[in-house]
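Colleague: I would like to learn how to read a model like this one. Could we take it feature by feature?

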Amino acid sequence: MSTANLYEVIRAPRVSEKTARLQEVSNQYVFDIAKTATKADVKAAIEQIFSVKVKAVNVVNVKGKAKAFKNRQGRRNDWKKAYVTLAEGQSIDVMTASA
């Protein structure tokens, strides 16, 4: 897989208080991924981009919220995220990573 394709699979890291706690407690990292990406795609992309060993990948489809825009009802897009568990002793610095 070329590096351009890797960055199409992995869109961006999700950075929040919840994901920071996951990193500390269970060595899990959360990424926005392409809607067509599979667990195998995510695992390969993470291992090649960050040079780490991936233990497990869990994928979640997130439904877009219904929102009111002025006087119209609108809807945000659906998206997909991946919880990536790294092998013992591995880590990723998502604050400086260019994903």
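**A buried aspartate**

Modeller: Start with one residue: Asp32 counts as buried because its relative accessibility is 18%, and the cut-off for buried is under 20%. Keep in mind that this is a predicted model.

Colleague: Where does Asp32 sit, and which residues does Asp32 touch?

Modeller: Asp32 is part of strand 2. Leaving out residues up to four places away in sequence, Asp32 touches Val9, Ile10, Arg11, Ala12, Arg14, Trp79, Lys80 and Lys81. Its side chain also makes a polar contact of 3.4 Å with the side chain of Arg14.

Colleague: Which residue stands opposite Asp32?

Modeller: Ala12 does. Strand 1 and strand 2, the latter covering residues 28-33, pair in the antiparallel sense over three bridges.

Colleague: How should I read a sheet as a whole?

Modeller: Strands of a sheet pair through backbone hydrogen bonds, either parallel or antiparallel. Here four strands form an open sheet in the order 1-2-6-3, with antiparallel pairing. Strand 1 (10-13) and strand 3 (54-62) are the edge strands, each paired on one side only. On average, neighbouring strands are turned by 30° against each other, direction ignored.

Colleague: Which helix packs on the sheet and touches strand 2 and strand 6?

Modeller: That is helix 2 (residues 17-26), and strand 6 spans 79-86. The direction of helix 2 makes about 140° with that of strand 2. Helix 3 (residues 39-50) lies across strand 1, strand 2, strand 3 and strand 6, and runs at about 125° to strand 3.

Colleague: How do I check the length of a helix, and which of its sides faces inward?

Modeller: For length, use the rise per residue. At 1.5 Å a residue, the 12 residues of helix 3 should span 16 Å, and this agrees with its end C-alpha atoms, which are 16 Å apart. For the sides, use the turn: an α-helix has 3.6 residues a turn, so residues three or four places apart point the same way.

Colleague: Which residues of helix 3 are buried?

Modeller: Val42, Ala45, Ile46, Ile49 and Phe50 are buried in helix 3. They cover an arc of only 100° around the axis, so they lie on the same side of helix 3. The buried residues of helix 3 pack against helix 1 (3-9), strand 1, strand 2, strand 3 and strand 6.

Colleague: What follows helix 3?

Modeller: Ser51 follows, with a positive phi near 55°.

Colleague: Where else does a residue take a positive phi near 55°?

Modeller: Lys70 does, in the hairpin of strand 4 and strand 5, which has two residues between the strands. Strand 4 (residues 66-69) and strand 5 (residues 72-75) pair in the antiparallel sense over four bridges. In this pair, Ala66 stands opposite Arg75 of strand 5.

Colleague: Now the whole chain. How many helices and strands does the protein chain have, and in what order do they run?

Modeller: The protein chain has three helices and six strands. From the N terminus on, the order is α-β-α-β-α-β-β-β-β. The C-alpha trace spans about 50 × 30 × 25 Å along its principal axes.

Colleague: What part of the chain is buried, and how far along the sequence do contacts reach?

Modeller: Of the 99 residues, 36% count as buried. Among contacts between residues at least 6 apart in sequence, 61% join residues at least 24 apart. The contacts of Asp32 with Trp79, Lys80 and Lys81 are examples of pairs brought together in the fold.

Definitions and conventions: Residues are numbered from 1 along each chain as its sequence is written. This is a predicted model: local features need pLDDT of at least 70, side-chain atom pairs count only at pLDDT 80 or more; totals for chains, interfaces and linings use all residues. Side-chain values use heavy atoms; hydrogens and water are left out. Two strands pair if DSSP finds at least two bridges between them. Axes are lines fitted to C-alpha atoms, for helices over the stretch in contact, and angles run from 0 to 180 degrees between N-to-C directions. Contact means heavy atoms within 4.5 Å. The expected span of a helix is 1.5 Å times one less than its number of residues. Buried means under 20% relative accessible area, exposed over 50%, partly exposed in between (1.4 Å probe, protein chains only). The arc is that of the directions from the helix axis to the C-beta atoms. A polar contact is a pair of N or O atoms within 3.5 Å; within protein, one must be able to donate a hydrogen and the other to accept it, and residues adjacent in sequence count only if both atoms are side-chain atoms.
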